[in-house]
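Let's take a walk through this one, starting with the overall build and ending at a single pair of helices. Keep the 3D view open as you read.

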Amino acid sequence: MTVGIKEKVRQFMSENFMVAGAADIPDEASFMDRHLIDSTGFLELIAFIERSFDISVTDSEMIPENLDSLNNIERYVREKRAAA
Amino acid sequence: MLVHHFFEKTAQREPHKIALICEGRSYTYAEINEAAKRLGASMLRRGVDRNDRVAIFMDNSVEAVVAIYAALKIGAIFMPINALTKADKLAYILNDAEATCLVTHAARRSEWQPVLDRSATVHTCVVVGEESGGALRDERLMRYNDAVMGAQSDNQESQAIDQDLASILYTSGSTGDPKGVMLTHLNMISASNSVLEYLKFRSDDVILCIMSLAYGYGLYHVLMGFQVGATVVLERSLAFPVKTLELMAHHHVTVLPGTPTIFSMLLNVKTVSKYDLRALRLITNAAAALSQEHLRRLRETFPRAVFFSMYGLTECKRVTYLPPDQLDIRPTSVGRGMPNQECWLVDDHGKRLPNGSTGELVIRGSHVMRGYWRKPEETAKRLKPGPNPGEWVLHSGDLFRTDEEGYLYFVARKDDIIKSRGEKISPVEVENALYRLDGVLEAAVVGVPDPVLGQAIKAFLVLKAGYSYSEKDVVRHCLAKLENFMAPKYVVFMESLPKTDNGKIKKMALT
């Protein structure tokens, strides 16, 4: 189940933000640094994460450490689920 | 006086004062000045001449600020370009301006590399973030780190006078092609001085700047901040509002310039009141009108801060501000001008109108642009003869009404420019991009009201037989060609578009 987190996000980015080569985005690459997502894009990403992984992202959790790379998202989603 | 002299004076007076805070690091006035000198010297050695156009294509960063002052110091003209710009538009701008130098970031390579390959004029490209060591494939390329560590400056002082161009800022127009607003040193200094006279930035201010340096609103916060010796906290974006609020609290930010979109994102953080933002003394709004509800929430959340509602345009930087003591009397007004400037309303024949009328706002002053770079026809539409022989005044293209006391209230744009997220979007530019999608027979783009964005972009398409796309396909196509904020929010497929009697698409009938 958790194996699918990064893949799901890659697919979302490919479909939603026209990210070419989403399959090749390194796990640790910063979306911001690479201009893959802009500020309103992150809002859409958050909505996607909430829907797909059935978690609720609080304001204070909307930080790069939780959202700005595939690794960060995977770690964050796992933590949220473990805590639930 | 030249634009960079104000910065240099501050650097002389207070070399160890923190000028800029960016990505968690602080830079003193002396450090930035030194880096700018050395980068300028490197540019000179590479043959970048006085009056050359130096394009700066980067996120807000210390390097972008250094590049601005480096260009000014050698008498060149800086052109900051929004980091979201895609290759086609970047190519247009560089070719239009015949830029000889590009300062950019390795992270944006996918956009600038193809453009560089096709550019006839760019001979020097300074790249930030390029790994060190090893020869660069292209001899035009130069690493930023090498450029600022290079031999000490034997810079001659710039020979520019205040009639020379300091900057060209590209802005969207209703014809679709971006236009380069030419700003002389005198234009920019006049604008800064007028604004400082009413905003009164102080040397102990800490100014947050989230807006792109490619736009006047963002750029001038650095220029004016450095003029008074303040500290500027420069942010790349507002992707993580929580981080921005933390930053504001941590650095005791005193000045928050914003747009309705920025304020929306900050106020949407439910815990916004938990951040210690007592240092905030001044909040300004520009780029789009702030709703009364937003204004109320802003004043409620930051009761200690003074609020300025303002209006301006790239072609002259700013026109008017509402004195805070008028905010409760006429909250929807943007004021009645600013120091060292005259402004008035005209009818369709250019005749001056009395108070209580509605008409196009015309501006007179030393801050009014020189014109659009090499676009005499476009320039002639905006700069028209003024009241005295031999002078020009700026026709804003915006309709305002005045009350009996001459206070201005925005009514509408004269043309059909869409304002979304505080950004100007030319419908024609988006339509042009849509026509580049295979199978598009007709395209019409309009702005529709949107509670968060101000206006949202809606595209109506008629496809040729045999073609079928999803909304997402169309949006993705636009994202590849245009800045993100120019991509449509809504896409509607139609059998045909309503037309006027002479066959033009009737946008009024589309909603």
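What follows goes from the whole of one chain, to its contact with its partner, to one helix crossing.

A quick reminder before we start: this is a predicted model. Chain B is built from 14 helices and 26 strands. Along its principal axes, the C-alpha trace of chain B spans about 65 × 60 × 60 Å. How does that fit with the radius of gyration? For 511 residues, a compact globule would come out near 24 Å, and chain B has 23 Å, so the two agree.

The inside of chain B tells its own story. Buried residues account for 50% of the 511 residues. Looking at contacts in chain B with a separation of 6 or more, 65% of them link residues that sit 24 or more positions apart.

Now for the partner. Where chains A and B touch, 15 residues of chain A are in contact with 18 residues of chain B. On the chain A side, that breaks down into seven nonpolar, three polar and five charged residues.

Finally, zoom in on two helices of chain B. Helix H1 (residues 3–13) and helix H3 (residues 62–73) have axes that come within 9 Å and cross at roughly 115°. That angle is why H1(B) counts as roughly perpendicular to H3(B). The crossing of the pair H1(B) and H3(B) is left-handed. Who does the touching? H1(B) brings B:Val3, B:His4 and B:Phe7, while H3(B) offers B:Tyr69, B:Leu72 and B:Lys73. By class, this contact of H1(B) with H3(B) has four nonpolar residues, one polar and one charged.

Terms used:
Residues are numbered from 1 along each chain as its sequence is written. Chains are lettered from A and ligands numbered from 1 in the order in which they are written. This is a predicted model: local features need pLDDT of at least 70, side-chain atom pairs count only at pLDDT 80 or more; totals for chains, interfaces and linings use all residues. Helices (H or I, at least four residues) and strands (E, at least two) are DSSP runs, numbered from the N terminus. The radius of gyration is taken over C-alpha atoms; the globule rule is 2.2 Å times the number of residues to the power 0.38. A residue is buried if 20 or more other C-beta atoms lie within 10 Å of its own, exposed if 12 or fewer, and partly exposed in between; C-beta atoms are placed from the backbone. Two residues are in contact if their C-beta atoms, placed from the backbone, lie within 7 Å. Ala, Val, Leu, Ile, Met, Phe, Trp, Tyr, Cys and Pro count as nonpolar, Asp, Glu, Lys and Arg as charged, and the others, Gly among them, as polar. Axes are lines fitted to C-alpha atoms, for helices over the stretch in contact, and angles run from 0 to 180 degrees between N-to-C directions. Angles under 35 degrees count as roughly parallel, over 145 as roughly antiparallel, 65 to 115 as roughly perpendicular and the rest as oblique. A crossing is left-handed if the near helix is turned anticlockwise from the far one by less than a right angle, and right-handed if clockwise.
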